[in-house]
Amino acid sequence: MDKTSTGSWKEKLQKRWDIFYLKWQIYSMTYFLEPWEKCLVNAFIFAILGLLIFSSYTFLPGYTRKLVNAFLPAHSALSDLDLDHQRSMEFNIH
């Protein structure tokens, strides 16, 4: 295979990727943010996600257990946590 055709293929792919990445950055507004602002936004998103997971496990344990068991094997590391949480709910210990 000729090196010039390979180089031009890689260059075309790189150009297309660069254009796509720039459009994605502008669309997601990360192009206009400074690095410390990006970290702050990411931290906020992860905090909200963590609180959502924690609250769903705390206030909807049955549904969350079913959801976790649907995606993980039956004998997972979370099974011990499920049993502990179930025991605490039986004795009204929160």
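**Aromatic side chains in helix H1, and a nonpolar patch**

I would like to begin inside helix H1, where Trp-17 and Phe-20 both lie, three residues apart, which is about one turn of the helix. Before going further, please keep in mind that what we are looking at is a predicted model.

How are the rings of Trp-17 and Tyr-21 arranged? Their centres are 6.0 Å apart and their planes stand at 25°, and because planes under 30 degrees apart count as stacked, this pair is called stacked. As for their places in the sequence, Trp-17 and Tyr-21 are four residues apart in helix H1, so about one helical turn separates them.

Let me now widen the view, since a search of the whole structure finds three aromatic pairs. One of them joins Trp-17 and Phe-20, whose ring centres are 5.5 Å apart and whose planes make an angle of 40°, so that this pair is tilted. Taken together, Trp-17, Phe-20, Tyr-21 and Trp-24 form one aromatic cluster.

Are these side chains buried, exposed or partly exposed? Trp-17 has a relative accessible area of 47%, and is therefore partly exposed. Phe-20 also counts as partly exposed, at 47% relative accessibility, and Tyr-21, with a relative accessible area of 37%, is partly exposed as well.

From the cluster I turn to the surface, and to a second group of residues. Which residues make the nonpolar surface patch of about 510 Å²? They are Leu-22, Ile-26, Met-29, Tyr-31 and Phe-32. Of these, I would pick out Met-29, which lies in the loop between helix H1, covering residues 3–27, and helix H2, covering residues 35–59. Met-29 has a relative accessibility of 47%, so this residue counts as partly exposed.

Finally, let me set these details against the chain as a whole. The chain has four helices and zero strands, and anyone reading along the sequence will meet the pattern α-α-α-α. Of the 94 residues in the chain, 7% are buried. The accessible surface of the chain comes to about 8800 Å², and carbon and sulfur atoms account for 70% of that area.

To gather the two main points, then: helix H1 holds the stacked pair of Trp-17 and Tyr-21, and the loop that follows helix H1 and leads to helix H2 holds Met-29, one of the residues that make the nonpolar patch.

Conventions
Residues are numbered from 1 along each chain as its sequence is written. This is a predicted model: local features need pLDDT of at least 70, side-chain atom pairs count only at pLDDT 80 or more; totals for chains, interfaces and linings use all residues. Side-chain values use heavy atoms; hydrogens and water are left out. Patches are made of residues with over 30% relative accessible area and no salt bridge: like charges are joined within 9 Å, nonpolar side chains (Val, Leu, Ile, Met, Phe, Trp, Tyr) within 5 Å. Accessible areas come from the Shrake-Rupley method with a 1.4 Å probe; for residues, only the protein chains shown count as cover. A salt bridge is a side-chain nitrogen of Lys or Arg within 4 Å of a carboxyl oxygen of Asp or Glu. Buried means under 20% relative accessible area, exposed over 50%, partly exposed in between (1.4 Å probe, protein chains only). Rings of Phe, Tyr and Trp (its six-membered ring) pair if their centres lie within 6.5 Å; planes under 30 degrees apart count as stacked, over 60 as edge-to-face and the rest as tilted.
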